[in-house]
Each structure stands twice: as C-alpha cells, then as structure tokens.
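Look over the sequence and the 3D structure below. Then work through the questions.

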Amino acid sequence: MATRQVIVAAATVESQKVNRRRRQSKSPLMGLLLPAILLLLWWLGAVTGVLDVAFFSTPSAVLRTLGNLIFSGALIFDFWSSLQRILTGAAIGFGAGLVLGGITGYVRQVERVLDPTIQALRAVPAIAWIPFLILTLGIDNAPKIALIAIAIFFITYVNTFSGVRSVDQKLIELAQAYRLSRSLVLRHVIMPAALPQIFVGLRLAAAIGWIAAVFSEILVGNNGLGELLNDGRSQGRPDQTIALMIVLALAGKCSDNLIRLLERHSTPWRATFEGV
Amino acid sequence: MGTTLIFEHVSKGFPGCGPVLDNFGVTVPSGSFVSLVGPTACGKSTLLRLILGLDQPDAGQIRFEGDGAGRADVCAIAFQEPRLLPWLTVHDNVGLVLDRRSGDCAGRIKALLDLVGLAEFRDAFPKVLSGGMAQRASLARALANEPDVLLLDEPFSAVDALTRMRLQDALIRIYMARPQTTIMVTHDIDEALFTSQQVIVLSTRPAHIVDIVDVKAGYPRDRTDSNLFSMKARILRGLGVVALDHQDGDGI
Ligand SMILES: Nc1ncnc2c1ncn2[C@@H]1O[C@H](COP(=O)(O)OP(=O)(O)OP(=O)(O)O)[C@@H](O)[C@H]1O
Ligand SMILES: [Mg+2]
C-alpha cells in the first residue's frame with residue numbers, strides 16, 4: 001500500500017509538470033499572434049496609403065520615436081514618475097481597502113455603520129473627485145496620488161469584503177467546533193479563503209491605477225506618461241501618442257502578469273476550473 | 001477524567017422541514033462507546049451539531065457531566081464531510097487544531113498520520129486527496145487533542161472494506177488505551193456491533209429511539225462472533241428492513 005501511494009504521488013507531480021509545460025509552451029506564442037496581425041495590417045495600411053500617415057503614423061516612425069524617447073531619458077523619467085505615483089497611491093488605497101473591507105466583512109456591526117457610507121461614496125465616479133482634489137491639494141503630486149488611492153480603495157474594499165463573506169460556513173463551523181482562537185481563525189481560515197477574491201481586486205486595482213495616473217497627468221501634467229501623451233497631441237505627433245499607448249499596454253500587461261504570478265504562487269492549493 | 005452526556009427531552013426542528021429530533025432522551029455514560037444507526041436524514045448529524053453547540057435545541061437540553069470545563073474543551077468531531085482547509089497541507093490541517101501547549105507537536109502529528117496511513121501525504125494539499133484519504137485526515141484531526149468526547153459522523157463511509165476494518169481496529173486500540181466517551185454515527189451495523197457497547201437505533205424523521213442494543217462483549221472483538229450476528233438481526237428489525245419472509249426462514 002505504501003509503495004502504491006508513492007507511485008500515485010509521483011504520477012500527480014508528473015501530470016502537474018506536463019500541464020504546466022503545456023501552458024507555458026503554447027500560450028505566449030499564441031498570445032503574440034493577434035498583435036502581429038494588427039502590426040502587419042497597420043504596416044500594409046501605411047505603405048499602401050489606406051491609413052493616413054498624418055493620423056496613424058507608421059510602425060517604423062513609432063519605433064524610431066520610441067527609441068528616441070528611451071535614449072533621451074525622457075521616457076524613463078516620466079515612466080518612473082507615473083509608476084511612483086501609482087505605487088504610492090496603490091499602497092495607500094490597497095492598504096485601506098484591505099483593512100476596511102476585511103473589518104466590515106468580518107464584523108457585522110461595523111458593516112452596519114460603515115458600509116452604507118462607503119457604498120454611497122463609491123457611487124461618486126473617481127473622475128468627479130478631481131476638481132475637489134485640485135482645490136484642496138493643488139496641482140502637484142498629491143491630487144494625482146489621492147485620485148489613484150481613491151479609485152483603488154473602492155475596488156479593493158468591495159473585493160475584500162466579498163472575499164471575507166465568501167468563506168465557507170462549514171469551515172467557520174469547523175473552527176467553532178475546535179474552539180480555534182480568533183487570531184487563528186483570521187489567519188488560517190478567513191484570510192486564505194478571501195485571498196482569491198482579493199487578487200481579483202488587485203488585478204482590477206492595477207488596471208485602474210494606470211488609468212487614474214494617466215488621466216490625472218493628462219489633465220494637470222508636470223511630468224509622467226500622461227504629460228508625454230499630451231505633448232504628442234499638442235505637437236501633432238501621432239507617432240509619439242502611439243508609442244506611449246504601446247508603452248502603457250506593455251506596462252499594464254506586465255503588472256497584470258506580475259500579479260497573476262504572485263497569485264499562482266500564493267494560492268497553489270486552489271482546485272478550481274482553469275479552462276479547457 | 002471523563003464526561004457523561006445527558007440528553008433531556010431534546011427536540012429540534014428546522015423551518016420548512018418540520019421536527020427533526022423529537023423528545024430525544026438518553027444518557028451516554030462517561031467513557032462509553034455508543035453508535036447511532038438510523039435511516040438517512042433522520043437527524044443524526046443534527047444531534048452531533050447540538051452536542052457541539054453549533055445549533056441550539058428548540059426544547060430540552062444536553063448536559064455535560066464531568067470534571068471538564070463544560071463542553072468548551074472536551075469535544076472533537078470528524079464531520080460527515082472531511083472539512084479540511086484547502087490551503088493547508090494534511091500536516092498543517094492536523095496541526096492547526098493541535099493544542100500548542102501539548103509539547104511535541106511534530107511527533108504527535110507524525111504519529112497521527114501514521115495511524116491513519118497518510119504519512120506519505122503529509123505535505124499534500126487536500127485537492128489531491130481521494131475521498132477516503134480526506135476522511136482519514138479528518139479522523140486524525142479529531143483524535144489530535146485526545147478529546148474527552150469524540151464525535152464521529154460516518155468516519156469510514158468512504159474507505160474500502162479492508163482499510164475500514166484496519167481503521168476500526170485502530171479506533172478500538174485508541175479507545176482501549178484511553179476510553180473517551182465516543183459517539184459514532186454509522187450506517188454499517190457490523191461496524192456498530194464491532195466497536196460499540198451500545199447501539200442506539202433511531203426511527204425515521206422525527207428521530208426517536210426505537211431500540212437500544214447493549215453489546216456486552218469485551219474488546220477486541222471477534223468479527224465472526226455469532227452473538228453479534230443475532231444482535232444484527234435485532235437492529236435490522238428495529239430499522240424495519242427485515243422482510244417477513246426472511247424471518248420465517250425462507251431467505252430471500
Ligand atoms: N440547517 C438546516 N436547515 C434546514 N434543514 C436542515 C438543516 N440541517 C439539517 N436539516 C434537515 O434535517 C434533517 C436531518 O438532517 P441530518 O443531517 O441530521 O441527517 P442525518 O441523519 O445525518 O442523515 P445522513 O445519514 O444522510 O447523514 C434533514 O431532513 C435535513 O434536511
Ligand atoms: Mg449525517
């Protein structure tokens with residue numbers, strides 16, 4: 001019996017490896033297919049004159065501009081300014097959303113007091129905060145960080161809350177039956193159970209972080225990717241705006257991949273459908 | 001040491017499904033091994049939940065008598081479903097409930113996993129366990145703190161016949177070494193007769209006691225004991241499944 005169990009265990013590991021290999025080997029190439037086709041169409045459109053170069057630029061011009069922006073240091077500098085804002089705003093918004101969402105999810109009494117207000121504030125579109133933030137915080141870094149934090153806060157709050165509420169009642173009963181201490185229940189029952197939903201929130205938060213950052217920079221920019229985008233528009237240079245859109249697409253994709261990687265590593269126990 | 005469980009006129013119903021337990025009364029003496037058998041959905045699991053305090057009876061009460069500090073520290077249960085935490089390995093699932101003050105935790109967990117035959121899978125997550133393996137992990141967890149009152153809800157329902165016998169033997173060994181009050185729900189009458197000193201036969205919902213069969217034989221028991229076989233007929237009669245022609249000796 002013991003040997004059979006060992007073989008079964010080995011087989012499981014083997015099949016997991018095969019699965020992983022299959023996922024790794026196929027997906028990146030498949031994912032590049034559509035961008036390659038779009039690039040080809042763009043290039044064809046540009047050389048045949050179907051796409052007006054004054055509006056759509058050309059792949060080579062965009063590539064050149066991208067190179068110039070990188071080597072002049074402008075892109076690095078502005079990218080870093082944007083990223084810094086996002087990271088600061090995300091730390092504040094995510095932290096606050098995690099704590100408040102967790103507490104309101106766990107304690108019904110706190111939910112009764114806090115949740116209605118938070119839900120009402122959530123209904124205010126993030127953009128509607130901008131005038132207020134400019135009036136109170138000026139036009140420097142602070143209002144931009146605040147906007148990012150606000151947008152991320154609500155997303156994190158909602159997802160953490162529903163993550164906590166999605167904990168299987170049977171597991172809570174188990175903890176009750178074994179008289180587990182509250183801190184054990186929080187650490188080993190509620191937090192791990194809420195984690196998948198929190199990661200959903202984090203992925204949405206990362207996306208909304210980039211949106212809020214660029215949006216506020218376009219509106220009141222001293223630096224950052226949004227400001228570079230503004231430059232491209234005011235100088236009538238589609239190559240620059242397109243180059244920056246590509247940078248944003250890549251940055252967004254990278255941050256999302258990073259979070260998914262983190263998610264896979266912190267929830268190896270999940271036994272949910274992964275798609276056929 | 002030891003806790004006596006006294007059920008006094010316990011009744012329990014659920015909205016929309018009527019009474020589940022009706023005036024249930026029995027005394028489970030300290031250190032005795034009692035089995036509950038009864039038709040499905042008659043209220044056996046509900047009874048265990050009442051003992052644990054996860055639900056409150058509508059009427060009557062369950063008293064704990066003994067030197068334990070009430071029910072707080074004395075009960076442990078293997079639920080009908082394994083209820084393992086998916087994010088903890090088998091080892092950590094058992095370790096989570098283990099009393100940190102009880103000294104050599106690592107050694108204790110290892111001994112428990114050896115007992116239920118899961119030593120190879122100590123670092124596996126529950127998602128890779130079979131139903132029977134998960135059930136055994138749950139049993140190891142229930143035994144972890146050497147409870148005064150051990151509640152087992154169909155603990156061996158998902159394992160093969162041979163493993164089941166070995167686990168029954170192991171359970172009896174543990175019980176003989178340290179006779180804790182044990183209440184086991186089972187659908188397997190042979191299992192009830194092999195392990196327990198008292199078999200309580202319950203009716204269909206609302207459950208009341210049809211028969212209480214005392215099994216006097218000492219441990220360890222002989223599975224082929226003919227006395228046990230005659231008691232099996234009595235329990236089956238209590239459950240109402242022995243056809244009349246069978247009683248006449250014609251067989252089926
Ligand atoms: N929380 C609940 N709400 C409503 N009805 C419930 C609830 N819990 C149990 N019941 C009902 O009580 C009855 C008894 O359930 P219980 O789980 O105690 O049965 P059981 O004797 O353990 O059955 P089985 O042998 O199938 O496990 C069932 O009809 C069930 O539908
Ligand atoms: Mg049951």
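The questions below go from a metal site to a whole chain.

This is a predicted model, where local features need pLDDT of at least 70, side-chain atom pairs count only at pLDDT 80 or more, and totals for chains, interfaces and linings use all residues. Residues are numbered from 1 along each chain as its sequence is written, chains are lettered from A and ligands numbered from 1 in the order in which they are written, and side-chain values use heavy atoms without hydrogens and water.

Q: Which protein donors does the magnesium ion (ligand 2) have?
A: Donors are N, O and S atoms within 2.8 Å of the metal (3.2 Å for Na, K and Ca); water is not among the atoms, so sites may look incomplete. Here the protein donors lie 1.9 to 2.1 Å from the ion. They are B:Ser45 (OG) and B:Gln80 (OE1).

Q: How many residues apart are B:Ser45 and B:Gln80?
A: Helices (H or I, at least four residues) and strands (E, at least two) are DSSP runs, numbered from the N terminus. B:Ser45 sits in helix α1 (residues 44-52) of chain B. B:Gln80 is in the loop between β5 (75-78) and α2 (90-97) of chain B. The pair is 35 residues apart.

Q: What is the radius of gyration of chain A?
A: Chain A has 11 helices and 0 strands. The globule rule (2.2 Å times the number of residues to the power 0.38, with the radius taken over C-alpha atoms) gives 19 Å for 276 residues. Chain A is well over that, so it is more spread out than a compact globule. Its radius of gyration is 24 Å.

Q: What share of the residues in chain A is buried?
A: Buried means under 20% relative accessible area, exposed over 50%, partly exposed in between (1.4 Å probe, protein chains only). Chain A has 276 residues. The buried share is 39%.
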